Amino acid sequence: MLRAALEKLELDDVPVATVTGRLVGASGLLLESVGCPLETGQRCLIETAAGEWLQAQVVGFKREVSYLMPFKKPVGLTTGARVQPAPDAAGLFIGPSWLGRIVNGLGEPLDGLGRLGGEHPLAAHPPRINPLKKRPVDAPLDVGVRAINGLLTLGRGQRVGLFAGSGVGKSVLLGMITRHTEADVVVVGLIGERGREVREFVEHALGAEGLAKAVLVVAPADESPLMRLKATELTHTIAAHFRDQGRHVLLLVDSLTRYAMAQREVALALGEPPATRGYPPSVFGLLPTLAESAGNGEGEGSMSAIYTVLAEGDDQQDPVVDTARAILDGHIVLSRGLAERGHYPAIDISASVSRCMGLVAGASQREAARTLRGLWARYQEVRALIPLGGYVPGADAETDRAVQRMPLIERFLCQDAAVAAPYGASLQQLEELSAS
C-alpha cells in the first residue's frame, strides 16, 4: 500500500519550504528586511516577540534590503524577527451586503456585524478608464444646498473640491450634502480625521436611513499612513464597483489633504527629497491618478465625487489646494469671514466655480446666477464703507441695487443644516431674486 502511494506521488505534490527573511532594521514606520526576495506592493508577515504576525507591505528596496511599512502600529518587533510573504488570499468580494457597513482600509468590518461577503471580486486598485469612453456629464446633481444648486450647479459624474480652513463648517456642509443628495449609493471615506467624528457622522450626518444605502471606509488620524492610503483607494474602488453596476453613486472623501499627508510620510520615510513646502514630488503625481479614477464610467451609472481639502491657515495657495483646484472639475470655497458673521453655509460664491455648470444648467439659470454674483461682488466692494458713512446712495445705480437686495440675497444663500432645498425650488427662488 505504501509503495503504491509513493509511486503515485508526483514532484509537484511535495510541499516546498517557505522562504523566510529576517528583520534587520526599524526606524519609525519604516522596516528593513533581508534574506527573502519580495516584490514592491506585495504584502508580507512579520513575527512579533509575542509570537503574533504583523501585516506589512513592501514599499521599496535598495540592493538586497527590502523596505516594509506596517498597516498597524509596529509593537513588539525584535531584530532578526522572521519575515515571510503573506499567503495568497482570495481577495475581497463585494455585493449589496456591503451597504450599511463600516470597514477599515483593508476591508475588515469595524461595526461588529460579522464578516462581509459578496458575489463580485473587488479590484485591488481603483480602475483606470479610457478618457474617450467616459460618459459625459449631462444631468444636474441635486445636493439639497440652495447656494450650490442655484449658483454652482453640479452634474452627475462631476468631481469637486470643498476648500476650507479648520472650523469653518466644512464637516457640517458635507453632512448636508450627504443627507440631501439624490443617490442610489453613498460611499464615504473618513481619512485622517478625529476618531470621535466617525460616530458623529454616522448618527447625525447619515442617520439610519442614510446608513442603509452607504458604505463607510474609516482610517482615523491614529492609523498608519499606509492604512490611510489604502482606505482612500478602497473608497474609490468600492464606489467604482457600484457605478459599474449601473448605480448613481455619491463619493465623499474627507479629506484629500490627509491622503496627501499620508503619502508624504511614506515618501519621506523612503528618502524622497521634499519639494514644495515639505511635499515630495510623488504626492503631486498620486493626486491626479486618484481623482481620475472617479467620475463617470462607460455604462449608465454615475460617480459624483466631493473631496474636502484643508486649506491650512486659510491659505488658498497651499500646494495641495492649488493642485486639487487644477485637477478637479470645480471648487467650493468656504470663507472664515462669512462664518464669523454667522453666514452658514459659509460659501464664498465669488471665489467658487463649477466647471460643469454650463453643461447641465439652462440659459435662464446661468443668466440669473451671473446677475446675483454680480450684485454680491458689488456689495462686497462697499460693505466696509457703509458703517463708516463712506457709501453715498445715488452715485451708482447697480451698487444701490446690490445694497438694497443684499438682505434677500443673504437669506437665499443661508440655509439651516436640517433643511433641504430641492433643485427645482432653488432655481425658482434664484430667478425671482434676480428678476426683482
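Select Arg196 and Glu200 to start: the two form a salt bridge, with the closest N and O atoms 2.8 Å apart. Keep in mind that this is a predicted model.

**Stop 1: helix H4**

Show residues 196-211 as a ribbon; this is helix H4, and it holds both Arg196 and Glu200. The partners sit 4 residues apart, about one turn of the helix. Now color Glu200 by accessibility. Is Glu200 buried, exposed or partly exposed? Its relative accessibility is 36%, so Glu200 counts as partly exposed, since the partly exposed class lies between the 20% and 50% limits.

**Stop 2: from H5 to H6**

Next, select Arg228 and Glu265. Their side chains meet in a salt bridge, 3.3 Å from N to O. Which helices does this pair tie together? Arg228 lies in helix H5 (residues 225-244) and Glu265 in helix H6 (residues 256-269), so the bridge links parts that are 37 residues apart in sequence. Check each end in turn. Arg228 has 9% relative accessibility and therefore counts as buried, because the cut-off for buried is under 20%. Glu265, at 36%, counts as partly exposed.

**Stop 3: helix H11**

Move to Glu367 and Arg370. Here the closest N and O atoms of the salt bridge are 2.6 Å apart. Display residues 363-382, helix H11, to see both partners in one element. They are 3 residues apart, about one turn of the helix. Glu367 has a relative accessible area of 43%, so it is partly exposed.

**Stop 4: a network**

Select Lys134, Arg159, Glu292 and Asp329 together. What links these four residues? They are joined in a network of salt bridges. Across the model, the count comes to 16 salt bridges. Side chains of opposite charge can pair when their charged atoms come close.

**Stop 5: H7 against H8**

Leave the salt bridges and show helix H7 (residues 281-292) with helix H8 (residues 319-327). Two packed helices are described by the angle between their axes and the distance between the axes. For H7 and H8 the angle is about 35°, and the axes are 10 Å apart. Is their crossing left-handed or right-handed? The crossing of H7 and H8 is right-handed.

Now turn on side chains at the contact. From H7, pick Phe284, Leu287, Pro288 and Ala291. From H8, pick Pro319, Val320, Thr323 and Ile327, which the H7 residues meet. How do the residues of this contact divide by character? The contact of H7 with H8 has 7 nonpolar residues, 1 polar and no charged.

Key
Residues are numbered from 1 along each chain as its sequence is written. This is a predicted model: local features need pLDDT of at least 70, side-chain atom pairs count only at pLDDT 80 or more; totals for chains, interfaces and linings use all residues. Side-chain values use heavy atoms; hydrogens and water are left out. Helices (H or I, at least four residues) and strands (E, at least two) are DSSP runs, numbered from the N terminus. Buried means under 20% relative accessible area, exposed over 50%, partly exposed in between (1.4 Å probe, protein chains only). Axes are lines fitted to C-alpha atoms, for helices over the stretch in contact, and angles run from 0 to 180 degrees between N-to-C directions. A crossing is left-handed if the near helix is turned anticlockwise from the far one by less than a right angle, and right-handed if clockwise. Contact means heavy atoms within 4.5 Å. Ala, Val, Leu, Ile, Met, Phe, Trp, Tyr, Cys and Pro count as nonpolar, Asp, Glu, Lys and Arg as charged, and the others, Gly among them, as polar.
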